[in-house]
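Please open the structure in your viewer and keep the selection tool at hand. The tour moves from the whole chain to single residues, with a pause at each stop.

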Amino acid sequence: MTLGLYLCQVVSLLPLAGLSMLYSFKFSLVLNVWMFSFRIVQCSDKGVDKMPYGIPFNTRNLFLMNNKIEMIQMGLLSEYLSLEFIVLNNNKLTDAGIEGALEGIEKLTRLYMDQNHLHSIPTDLPPTLEELMLNSNNISQMSAYVLAKCTSLKSISLNNNNITDESIPEAFLHMVRLEHLDLGKNALTSIPKQLPHSLKILLLQENNLTSIRKNVLWNMSKLEEIHLEHNKISVVAAGAFRRLMGLRHLDISYNQLTRVPRQLPLTLWYLYLHNNQINFIPADSFCVRRRAESRLILGNLKPPFRSWHGF
């Protein structure tokens, strides 16, 4: 294949008479285009099987989704000193095909590699990375050492992989800035024990969770949103969510609960319990010390219910 035959759309932001003007045009990858101030390069849906050569060195955003790329040439991306965002979704990348390829990208903050053939998290992620998307791969291995180097990471999405309880033990423990973690649609049977205290959003939907232990989330004081829908949860320990005083959104719909969980925090705004088998609401389901301040919306429970008035 001749890479020069592939056309990529390049968007340039050029100052003119004090104004910013947006130019969009097409160019051949083998052309000498260094004289333009390119920022965005769109090479998606071109059928390429390698990282194209000839991309302007001052590119900030590089889009290469929906191609057939199997490998990234080692050292190629490190030449792009302004590169901040790479999208490689829906390619054929493997662990061996990207080994060493991400090292040295000095300004990279966002990396999307959904729908590839990865079995582990890349080992050479740059420390500047803030958002990592690895959904719909075959990932079953995660190294605490690899993730500990990513001290700037705020968001990780690992939805629809092969992650098990054994994959996680200390993988996220030292990620002190992590706020968003998506582990939905995997093979977890319990909530991971050692998650970072900085988390605000935790997604665990469509796993194989069967119960929520009392103290598994107690140190997660910053959690605002938890998704547990479409699991097999039949037991929630009393007070499992009580210490989450920032919790606003809790979804435990599509499970096997027979009662509303006890001692839920007053801070809840949205509680989803539909499509369970609930027929019982304990008197202490809600911490009602200041009921008037609650904005709780309790959705789609079907009567009749039994209410327990004792403790």
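What follows is a set of stops, each with something to select and a description of what is there.

**The whole chain**

Begin with everything shown, and keep in mind throughout that this is a predicted model. If you colour the chain by secondary structure, you should find 1 helix and 18 strands. The chain has 311 residues, and buried residues make up 47% of them. Turning to contacts between residues at least 6 apart in sequence, 43% join residues at least 24 apart.

**The largest nonpolar core**

Which residues touch the most other members of the largest nonpolar core? Select Leu158, Phe172, Leu217, Leu228, Phe241 and Leu250, which hold that place among the 75 residues of this core. In soluble globular proteins, nonpolar side chains tend to be buried together.

Now centre the view on Phe172 and, leaving aside its neighbours within four places in sequence, look for the residues in contact with Phe172, among them Met142, Leu147, Ile156, Leu158 and Leu178. The list of contacts of Phe172 also includes Leu181, Leu183, Gln194, Leu195 and Pro196. A second core, separate from the largest one, has 5 residues, and you can select Phe63, Val87, Tyr112 and Met133 as members of this second core.

**The cavity**

Next, select Met51, Pro52, Ile55, Leu62, Leu76, Leu77, Tyr80 and Leu83, which line the largest cavity. The space in this cavity is about 30 Å³, and the count of cavities of 30 Å³ or more comes to 1. How many of the lining residues are nonpolar, polar or charged? The lining of the largest cavity has 8 nonpolar residues, with no polar and no charged ones.

**Arg39 on strand β3**

Move on to strand β3, which covers residues 38–42, and pick out Arg39 there. Arg39 has a relative accessible area of 22%, and because buried means under 20%, Arg39 is described as partly exposed. If you add Thr59 to the selection, you will have two residues that are 20 apart in sequence, while their C-alpha atoms are 4.5 Å apart in space.

**Ser120 and Asp95**

Follow the chain to the loop between β6 (110–112) and β7 (131–133), where Ser120 is found. Is Ser120 buried or exposed? With a relative accessibility of 18%, Ser120 counts as buried. Show the side chains of Ser120 and Asp95, and you can draw a polar contact of 3.3 Å that joins them. Apart from neighbours within four places in sequence, the residues in contact with Ser120 are Asp95, Ile139 and Gln141. You may also check the C-alpha atoms of Ser120 and Met142, which are 6.0 Å apart in space, although the two residues are 22 apart in sequence.

**Asn161 in its loop**

The next residue to select is Asn161, which lies in the loop between β8 (155–157) and β9 (180–182). Asn161 has a relative accessible area of 6% and is buried. A polar atom of the Asn161 side chain lies 3.0 Å from the backbone oxygen of Leu158, and for the backbone oxygen of Asn159 the distance to a polar atom of the Asn161 side chain is 3.3 Å. Beyond its neighbours within four places in sequence, Asn161 is in contact with residues including Leu134, Asn135, Ser136, Asn137, Asn138 and Ile139. Lys185 and Asn186 are also in contact with Asn161.

**Two residues between β14 and β15**

Finish at the loop that runs between β14 (249–251) and β15 (270–272), and select Tyr254 within this loop. Phi of Tyr254 is near 55°, which is a positive value in a residue other than glycine, and Tyr254 is partly exposed, with a relative accessible area of 35%. The loop between β14 and β15 is also the place of Gln263. Gln263 likewise has a positive phi, near 60°, in a residue other than glycine. For Gln263 the relative accessible area is 16%, and this residue is buried.

Technical notes. Residues numbered from 1 in each chain as written. Predicted model: local features only at pLDDT ≥ 70, side-chain atom pairs only at ≥ 80, totals over all residues. Heavy atoms only, no water. 1 Å grid on protein atoms, 1.4 Å probe; cavity = no way out; pocket = protein on both sides within 12 Å on 5 of 7 lines; lining within 4 Å. Points joined across faces, edges and corners; volume = space filled by probe spheres on them. Nonpolar A, V, L, I, M, F, W, Y, C, P; charged D, E, K, R; others polar. Core = buried A, V, L, I, M, F, W, Y, C linked by side-chain atoms within 4.5 Å. Buried < 20%, exposed > 50% of the residue type's maximum accessible area, 1.4 Å probe, protein only. Contact = heavy atoms within 4.5 Å. Helix = DSSP H or I, 4+ residues; strand = E, 2+ residues; numbered from the N terminus. Polar contact = N/O pair within 3.5 Å; in protein donor to acceptor, adjacent residues only side chain to side chain.
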